[in-house]
Amino acid sequence: MADTILVPGARDVRGTLDSAADDSTTVVVACPPHPQQRGHRGDERLVAVSDELTSHGIDCLRFDYGKWDEGRGEKADTMRAVEWANERYEHVGLFGFSFGSAMALLAAAEGAEVEAVSALAPPATIGDGLDVVGAFEQIPVPVQVVYGTRDDIANWEPVVELAREFHQPVVEFAADHFFIGQTGKVAEKVGEFLRVNVGNPE
């Protein structure tokens, strides 16, 4: 079951809530890739992760950012989506792909109330002043980093190196930035990490 959600706030932030069951106490907020690169909540990687989560009893909120704001507004959108989730669920996790993974990491570092973060193909920086690597050190919850060794779009190396330095789980795929042909396997790895670290319903 999927419901359209309007996330309260000054910016127009809309989402799709994929529900596993009426009594689910756990949700994962999913951040889409770059909106100026046609990124949106219907991205196949977000949908695959959502399907994996709902099949194991976890709801998923996939959302679209408001008007483009150089990453700062988008980070605020992520914070508000997490706030919305925390008002309705006992346990909240955070996931993002590409630009969305940067938003997830930045929001978690700034105090978004989540139990774990999964970052798929995370870039090291977003524009001026949005330092994903620097933010990583401030995140107080488990962080999973998933990347493709053939990814020549995101500058993922610094994030992966730091994750290993902090003994956080790192998953490597022989894949490009979009994980063509491996979306299902990626979703399984992301879903497994989030199930273990967010609410642990099983």
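**Close-up 1. Helices H1 and H6 cross in this predicted model.** The axes of helix H1, which spans residues 44–54, and helix H6, which spans residues 183–197, come within 8 Å and cross at roughly 50°. That angle makes H1 oblique to H6, and the crossing of the two helices is right-handed. On the H1 side, the contact is made by Glu44, Arg45, Ala48, Val49, Glu52 and Leu53, while H6 contributes Thr183, Ala187, Glu188, Val190, Gly191, Leu194 and Arg195. When the residues of this contact between H1 and H6 are divided by character, 6 are nonpolar, 2 are polar and 5 are charged.

**Close-up 2. Cys31 and Cys60 are buried cysteines that do not form a bond with each other.** The sulfur of Cys31 has its closest cysteine sulfur in Cys60, at 9.7 Å, and this is too far for a bond. The relation also holds from the other side, because the cysteine sulfur closest to that of Cys60 is in Cys31, 9.7 Å away and again too far for a bond. For comparison, a disulfide requires a pair of cysteine sulfur atoms within 2.5 Å, and a search of the whole structure finds 0 disulfides. Cys31 is buried, with a relative accessible area of 0%, and Cys60 is likewise buried, with a relative accessible area of 0%.

**Close-up 3. Phe99 lies in helix H3 and is surrounded by contacts from other parts of the sequence.** Phe99 has its place in helix H3, which covers residues 99–109, and Phe99 is buried, with a relative accessible area of 2%. Leaving aside residues up to four places away in sequence, Phe99 touches Pro32, Pro33, His34, Pro35, Tyr65, Trp68, Gly71, Glu74, Pro123 and Ile126. As a further point of orientation, Glu137 is 38 residues from Phe99 along the chain, and the C-alpha atoms of Phe99 and Glu137 are separated by 18 Å.

**Close-up 4. Helix H3 is largely enclosed by the rest of the structure.** Of the 11 residues of H3, 10 are buried, and this is why the helix is described as largely enclosed. The buried residues are Phe99, Gly100, Ser101, Ala102, Met103, Ala104, Leu105, Leu106, Ala107 and Ala108. Following H3 in the chain comes Gly111, and the phi angle of Gly111 is positive, near 110°.

Definitions and conventions: Residues are numbered from 1 along each chain as its sequence is written. This is a predicted model: local features need pLDDT of at least 70, side-chain atom pairs count only at pLDDT 80 or more; totals for chains, interfaces and linings use all residues. Side-chain values use heavy atoms; hydrogens and water are left out. Axes are lines fitted to C-alpha atoms, for helices over the stretch in contact, and angles run from 0 to 180 degrees between N-to-C directions. Helices (H or I, at least four residues) and strands (E, at least two) are DSSP runs, numbered from the N terminus. Angles under 35 degrees count as roughly parallel, over 145 as roughly antiparallel, 65 to 115 as roughly perpendicular and the rest as oblique. A crossing is left-handed if the near helix is turned anticlockwise from the far one by less than a right angle, and right-handed if clockwise. Contact means heavy atoms within 4.5 Å. Ala, Val, Leu, Ile, Met, Phe, Trp, Tyr, Cys and Pro count as nonpolar, Asp, Glu, Lys and Arg as charged, and the others, Gly among them, as polar. Buried means under 20% relative accessible area, exposed over 50%, partly exposed in between (1.4 Å probe, protein chains only).
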